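Student: Got a minute? I'd like to go through a structure with you.
Tutor: Sure, put it up.

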Amino acid sequence: MIVRILGEGQFKMDDEASAVLDKLDSELEAAIDHGDEPAFSAALSTLLAHVREHGEPVSAEHLGPSELILPHEGSSIDEVRKMLADEGLITG
Amino acid sequence: MGVMKRVSLVFKAKANKALDKMEDPRETLDYAYQRQLENLTRVRRGVADVATSRKRVELQMNQINQQSSKLEDQARKALSMGREDLARSALERKSAAQSQLSGLQEQFVQLQSDEEKLTLYAQQVQAKLDAFRTQKETIKARYTAAEATSRINEAMSGISEDMGDIGMAIQRAEDKTAQLQARAGALDELLASGALDDLTGHRDDIQAELDMMSASSDVESDLRRLRGELASGQAKQLESGANGGQAQGNAQRAQYGQQQDNQQTQPQQPPYQQSAALPVSDLPVSDDVPVSDVEDGTGS
């Protein structure tokens, strides 16, 4: 599975490492739902660290979309909410 | 559905919209390539802007360091002249300058890491763009418009995600740079005005009070330290005086005796000039100013 960290690039992850992502992702989602900024930034840091540690950087020749996309390091809940609402943050 | 999946769907929707707009899908590739080239230029400009901000912060840190040591010198001088009030106000300014400094240090480290990350990212984007150019030319040469569609969709969904990513990275870098420039501009003005003691602008009352308490304890401890330094300096002088031998002691006694005699013979001399006369007798006498002239000057 290919995962992208915004601002860093794409990583290839095996199934075992991907399974852990689901659990971390639900923590991230819960933090967004509760507007809990400290929990959010902790969950995001853990997620990013996991992908960087277990993922293999994808070569430049690969031109394909990612199954999962992670927000930038240091993102705020507000930024992620806007991204999900697609308020012109992503240029097409 | 998880957050990461939702974000990727938002990106995909954007890619599809871009593809739908084009009549000939092969045009999409050229268009995407051009856009991504422009983006790359903007990322490089972003790296340069971050470097400029970092240098500016470094310059400000140097300025504040200089200001701090100048204020400490002033405080030491003021204290040696018995002007504790002046020393206190200099140390208060120093404490305000120091609090600016720690904020700048944080910024500096952050900017260094931003610069590194953006540089790496620009290299990555460049490599991807080179690969995309090759693929785009292959697709255009080998396939008719109809045949190319599925190939193009595949390549486009990848490059479109890259474009969305790079677009956001640029936006973030530009926002941050604008913010930092505003802060740096404000601090430059502050440094120019020399009003580094008036920094508790927009903070809540409790924080302001806490800052004041910590600042005043900084000032107290600085005052104690400087007093200690002064006291030990005087102690050393006394010590070296005591060890200086009897000959010197006798010479000094003889000098003081002479001056006392002078004072007795000139009782009309105002008191502040008595103290001024003390060092004159210790000064080497220069050829062009006769001693009698100096004494006349002080006596009249």
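Tutor: Keep in mind that this is a predicted model. Start with the sheet in chain A. It is open, has four strands in the order β3-β2-β1-β4, and its pairing is mixed.

Student: Which are the edge strands?
Tutor: β3 (56–57) and β4 of chain A, as each pairs on one side only.

Student: Do β1(A) and β4(A) pair in the parallel or antiparallel sense?
Tutor: Parallel, over three bridges. In that pair, Val3(A) stands opposite Leu68(A) of β4(A).

Student: New topic: helix α1 of chain A. Why should it span 28 Å?
Tutor: It has 20 residues, 15–34, and the estimate uses 1.5 Å a residue. The end C-alpha atoms are 29 Å apart, which agrees.

Student: Which residues of α1(A) are buried?
Tutor: Among them are Leu21(A), Leu24(A), Asp25(A) and Leu28(A).

Student: And what covers the buried residues of α1(A)?
Tutor: The cover includes β1, α2, β4 and α3 of chain A, together with α1 (3–21) of chain B.

Student: So to chain B. How much area do chain B and chain A bury between them?
Tutor: About 3400 Å², with 59% of it on carbon and sulfur atoms. On the chain B side, Val3(B), Met4(B) and Arg172(B) lose the most area, together 22% of what that side buries.

Student: How many salt bridges are there between chain B and chain A?
Tutor: Six. One of the salt bridges joins the side chains of Arg4(A) and Glu161(B), at 2.5 Å from N to O.

Student: Which element of chain B gives the most to the side that touches chain A?
Tutor: α4(B), with 14 residues.

Note on methods
Residues numbered from 1 in each chain as written. Chains lettered and ligands numbered in written order. Predicted model: local features only at pLDDT ≥ 70, side-chain atom pairs only at ≥ 80, totals over all residues. Heavy atoms only, no water. Helix = DSSP H or I, 4+ residues; strand = E, 2+ residues; numbered from the N terminus. Expected span 1.5 Å × (residues − 1). Buried < 20%, exposed > 50% of the residue type's maximum accessible area, 1.4 Å probe, protein only. Contact = heavy atoms within 4.5 Å. Pairing = 2+ DSSP bridges. Buried area = accessible area lost by both parts, 1.4 Å probe. Salt bridge = Lys/Arg side-chain N within 4 Å of Asp/Glu carboxyl O.
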